[in-house]
Amino acid sequence: MRIHSRSARQGRHFRLALQPGASLYDSLVGVLASAGVANASMTLLGGAFSHLDYCTAPPDPAHHRVVAYTEPISAGPAYLIFGNATLGKTDAGGALVHCHAAFCNAGGEPLGGHIIAQTTIIGPSPISVLVTALDGFELRATYDAETNLRLLQPHGAEDHDPA
């Protein structure tokens, strides 16, 4: 698989405290938009979700794509151990949050996968997030012929590695 990369000449760093009761998507997109950030790399440092939905991506049994995402799975209340997220744009220009995380369900079972940010709700205490703004280029979900999937890929800026 090819790696497409871009580098920013400077970066802005933030520490966020995502507020209880909101979706992970709304919390990240809203706060970062107000700071003028449309593209970012993020680390979620742990905390409780009152509800968490996720999916996994096993190999595609039909071999049409590299992976085939499962239907959403409800973990219910969950504790985030650690996660990474990327903020970019959909083809239509809307905000897109792509997040993978390790977490435990209410029974303590360790789980992990792709977090559905729109339906995952922050629990009773703020969740800390470290953010690096990716200024100077954008991440856009575009079709990738090698994987046969829509992937966040860098676009813009002249200082890139031809992969």
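**Group meeting talk: a chain of strands and its contacts**

Let me begin with one pair of side chains, because Asp135 forms a salt bridge with Arg12, and the closest N and O atoms of the two are 2.9 Å apart. Asp135 sits in the loop between β9 (127-133) and β10 (138-144), while Arg12 belongs to strand β2 (residues 12-18), so this pair ties together parts that lie 123 residues apart in sequence. As general background, side chains of opposite charge can pair when their charged atoms come close. I should say at once that what we are looking at is a predicted model.

How many salt bridges does the structure hold? There are two, and in the other one the side chains of Glu138 and Arg140 meet, with 2.6 Å from N to O. As for how open these residues are, Asp135 counts as partly exposed because its relative accessibility is 22%, Arg12 is also partly exposed, with a relative accessible area of 31%, and Arg140, at 27%, is partly exposed as well.

Now let me step back to the whole chain. The protein chain contains one helix and twelve strands, and if you read along the sequence you meet them in the pattern β-β-α-β-β-β-β-β-β-β-β-β-β. The chain has 163 residues, and 37% of them count as buried. Its accessible surface comes to about 8600 Å², with 57% of that belonging to carbon and sulfur atoms. If we take the contacts with a separation of 6 or more, residues 24 or more positions apart account for 66% of them.

Next, the pairing of strands, where I would like to start from strand β4, which covers residues 47-55. Strand β4 is joined to β5 by six bridges, and the two run antiparallel; within this pairing, Tyr54 stands opposite Ile73 in β5. Strand β4 is also joined, by two bridges and again in the antiparallel sense, to strand β8, which is residues 121-122, and here His51 stands opposite Ile121. Two bridges also link β4 to strand β7 (residues 110-115), and these strands run antiparallel, with Cys55 standing opposite His114 in β7.

Strand β3, residues 40-44, is a helpful one to look at slowly on the screen, since its side chains alternate along the strand. Which of them are buried, and which are not? Ala40, Met42 and Leu44 point to one face and are buried, whereas Ser41 and Thr43 point to the other face and are not. Strand β3 has antiparallel pairings too: five bridges join it to β5, where Met42 stands opposite Ala85, and five bridges join it to β9, where Ala40 stands opposite Ala133.

Let me turn to two loop residues on either side of β8. Thr120 is placed in the loop between β7 and β8, and with a relative accessible area of 0% it is buried, because buried means under 20%. A polar atom of the Thr120 side chain lies 2.8 Å from the backbone oxygen of Ile116. If we leave out residues up to four places away in sequence, Thr120 touches several others, including Ala22, Ser23, Leu24, Phe49 and His51.

Gly123, in turn, lies in the loop between β8 and β9. Is Gly123 buried or exposed? At 4% relative accessibility, Gly123 counts as buried. Apart from its neighbours within four places in sequence, Gly123 is in contact with Pro20, Gly21, Ala48, Phe49 and Ser50. Gly123 and Leu52 are 71 residues apart in sequence, and from C-alpha to C-alpha they are 9.7 Å apart in space.

Finally, I would like to look at the surface. Leu45, Tyr79, Ile81, Phe82 and Leu130 make a nonpolar surface patch of about 450 Å². Which strand gives the most to this patch? That is strand β5, residues 73-89, which gives three residues. Tyr79 is found in strand β5, and since its relative accessibility is 46%, Tyr79 counts as partly exposed.

To close, I would ask you to find strand β5 again in the structure, since it pairs with β4 over six bridges, pairs with β3 over five, and gives the most to the nonpolar patch.

Conventions: Residues are numbered from 1 along each chain as its sequence is written. This is a predicted model: local features need pLDDT of at least 70, side-chain atom pairs count only at pLDDT 80 or more; totals for chains, interfaces and linings use all residues. Side-chain values use heavy atoms; hydrogens and water are left out. Patches are made of residues with over 30% relative accessible area and no salt bridge: like charges are joined within 9 Å, nonpolar side chains (Val, Leu, Ile, Met, Phe, Trp, Tyr) within 5 Å. Accessible areas come from the Shrake-Rupley method with a 1.4 Å probe; for residues, only the protein chains shown count as cover. A salt bridge is a side-chain nitrogen of Lys or Arg within 4 Å of a carboxyl oxygen of Asp or Glu. Helices (H or I, at least four residues) and strands (E, at least two) are DSSP runs, numbered from the N terminus. Buried means under 20% relative accessible area, exposed over 50%, partly exposed in between (1.4 Å probe, protein chains only). Contact means heavy atoms within 4.5 Å. Two strands pair if DSSP finds at least two bridges between them. A polar contact is a pair of N or O atoms within 3.5 Å; within protein, one must be able to donate a hydrogen and the other to accept it, and residues adjacent in sequence count only if both atoms are side-chain atoms.
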